[in-house]
Amino acid sequence: MRDLTRRDALVALAAGAALAAVAPRAATARARDSPGALPLPALFADIEERTFRYFWETTDPVTGLAPDRWPAAAPFASIAATGFALTAYPIGVTRGWITREAARARTLATLQFLWSAPQGEGRDDIAGYKGFFYHFLDLHTGARIGNCELSSVDTTLLLGGILFAAQWFDQGHPDERRLRELAQQIYARVDWRWMSPRAPLIAQGWRAESGFLASDWQGYNEAMLVYLLALAAPEHPVEPAAWTAWCATYGRNWRGTGSARQLAFGPQFGHQYSHVWVDFRGIRDAAMRAADLDYFENSRRATAAQRAYAVANPLRWDGYGADIWGLSACDGPGDVSLQTADGISRRFRGYSARGPASLPDGFDDGTIAPNAAVASLPFAPELVIPATQALHRRFGARLYGRYGFLDAFNPSFRRLDVPLSNGRVDPTSGWVADQYLGIDQGPILAMIANARDGLVWRTMRTSAVVRTGLARADFRGGWLAVQ
């Protein structure tokens, strides 16, 4: 039995080559582009509709809460998934899958429930506190699940969907007016200053049993939107120094040189989540001005680097290649160490964040998440379109079903004698998940919409909240300069 400890320098070389192969587009030129307007193969329309129906069909119609995963023996809600559900409904209207009236009714019911759900310091039968929500809630009652944390980032992803809904439902219908009022009330209630016990940074969360979590949000990861919404808050905002503090540790995240240089974060969701609601093309804060870069271009480079990592495949996993790639947070076969068919001792995980092994927060156990590639469509369509088509063509119904792509698969995990976290194993083709996750489904749908015609970006460009947050973080240029 051999332990695999090699870190291959080919990763960096391949990443540079892949980025050089992707035609660079200067930020100034990109700022002049209209959002989206990307012609897509027919497969993407099918992915969109199936992924939309995850939210429309599995969300509780009374509470409006979206399940963390489906199917599940005892489903519970994820507040982040609920934010993606609220983002999904207008997409469904514009694509003709539901009526505006149906979307409006579901959205209003959700916001009414969120506004009236109990908030307080208690441990039980509580949905949140200080305007924040617990990470997981009972799907039908909204009560906290177990001892999960009051989550600042998951509340932010919920707010992203709430604010998008408020911006999109802009008609004079009484229900749309009420919807907009509730959205502002829910947002204004959030006490960002309270969630900053080590100001100016924002804590990752709080528990009734033990108080604030020990870690704060500090760059670079998925929490850009946390700070932008906290900066723009109408009643409890943080100071602009919070953004400076968020960026202060960027120095330890830079990787590569020249056109391959990127602000690195291993799991691809970190390069996607904030971009669902904010169009970062051509706008720059002080850190990006100093780097002559913008965050959209940074995510494009991260996408190319993910593909390059799969091509180099330094840990020699089965299945990796030019069109089969993508590491993010996802389900996995289970928390176990075992010897695989190649004679190497391997460590696997169940649900976990994954990314190229050499990057911050990177971990690679051979588990590929389709959402890592598909939800990166706006960043590098020339890489993502063939990858999406290859996933669909090669794995077919085993990976692609009722609600689109299942959460993950691992061609290297082919052991039949090991208990699984979930999913099923084929002795030839390996492990595949048997569930869909709301926080992975959401970016797929929203980012296809942004690539197709810029729907979410275009809508949120007009949001006073987004513009205020960006201005207070000292973003300049691009579409921000256009009133």
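Take the expected span of a helix as 1.5 Å times one less than its number of residues. Helices here (H or I, at least four residues) and strands (E, at least two) are DSSP runs, numbered from the N terminus. With that in hand, helix 3 (residues 42-58) has 17 residues and stretches 25 Å from its first C-alpha to its last, close to the 24 Å expected.

A word on where this comes from. This is a predicted model, in which local features need pLDDT of at least 70 and side-chain atom pairs count only at pLDDT 80 or more, while totals for chains, interfaces and linings use all residues. Residues are numbered from 1 along each chain as its sequence is written, and side-chain values use heavy atoms, with hydrogens and water left out.

**The chain as a whole**

The protein chain has 17 helices and 23 strands. Its C-alpha atoms fill a box of roughly 65 × 50 × 45 Å along the principal axes. The radius of gyration (over C-alpha atoms, with a globule rule of 2.2 Å times the number of residues to the power 0.38) is 21 Å, which agrees with the value near 23 Å for a compact globule of 483 residues. Of those 483 residues, 62% count as buried; buried means under 20% relative accessible area, exposed over 50%, and partly exposed in between (1.4 Å probe, protein chains only).

**Two helices**

Back to helix 3: its buried residues are Leu 43, Phe 44, Ile 47, Glu 48, Thr 51, Phe 52, Tyr 54, Phe 55, Trp 56 and Thr 58. An α-helix has 3.6 residues a turn, so residues three or four places apart point the same way.

Helix 12 (residues 295-312) holds Ala 308, which counts as buried at 2% relative accessibility. The C-alpha atoms of Ala 308 and Arg 178 are 48 Å from each other, with the two residues 130 apart along the chain.

**Strands and sheets**

Strands count as paired if DSSP finds at least two bridges between them. One open sheet has 3 strands in the order 7-9-10, paired antiparallel. Strand 7 (150-151) and strand 10 (211-212) are the edges, each with a single partner strand, so one side of each has no neighbour in the sheet. Another open sheet of 3 strands, also described as antiparallel, runs 20-22-21. Its edge strands, strand 20 (409-410) and strand 21 (424-426), each pair on one side only.

Here are three of the antiparallel pairs, each with one residue pairing.

| Strand pair | Bridges | Residue pairing |
|---|---|---|
| strand 9 (residues 205-207) and strand 10 | 2 bridges | Trp 206 with Phe 212 |
| strand 21 and strand 22 (residues 430-432) | 3 bridges | Arg 424 with Val 432 |
| strand 15 (residues 336-339) and strand 16 (residues 344-348) | 4 bridges | Leu 338 with Arg 346 |

Strands 15 and 16 also pair Val 336 with Phe 348. Their hairpin has 4 residues between the strands, and Gly 343 takes a positive phi near 80° there. In strand 16, Ile 344, Arg 346 and Phe 348 make up the covered face, whereas Ser 345 and Arg 347 are on the uncovered one.

**Pocket and cavities**

Both kinds of space come from a 1 Å grid over the protein atoms alone: a cavity is a set of points where a 1.4 Å probe fits but cannot get out, a pocket is an open set with protein on both sides within 12 Å along at least five of seven lines, and lining residues have an atom within 4 Å of a point. Grid points are joined across faces, edges and corners, and a volume is the space filled by probe spheres set on the points.

The largest pocket holds about 490 Å³ of space. Of its 24 lining residues, His 135, Asp 154, Glu 222, Tyr 351 and Ile 439 are the closest to its centre. Helix 6 (152-168) and strand 17 (352-353) are the elements that give two or more residues to this lining, and helix 6 has the largest share, 3 residues. By class, the pocket lining has 15 nonpolar, 4 polar and 5 charged residues. Here Ala, Val, Leu, Ile, Met, Phe, Trp, Tyr, Cys and Pro count as nonpolar, Asp, Glu, Lys and Arg as charged, and the others, Gly among them, as polar.

As for closed spaces, there are 3 cavities of 30 Å³ or more. The largest cavity has a volume of about 40 Å³, and its lining includes Pro 370, Phe 405, Tyr 436 and Ile 444. Helix 13 (370-374), strand 23 (436-437) and helix 15 (438-453) each give two or more residues to that lining. Helix 15 has the largest share, 3 residues. The cavity lining divides into 6 nonpolar, 2 polar and 2 charged residues.
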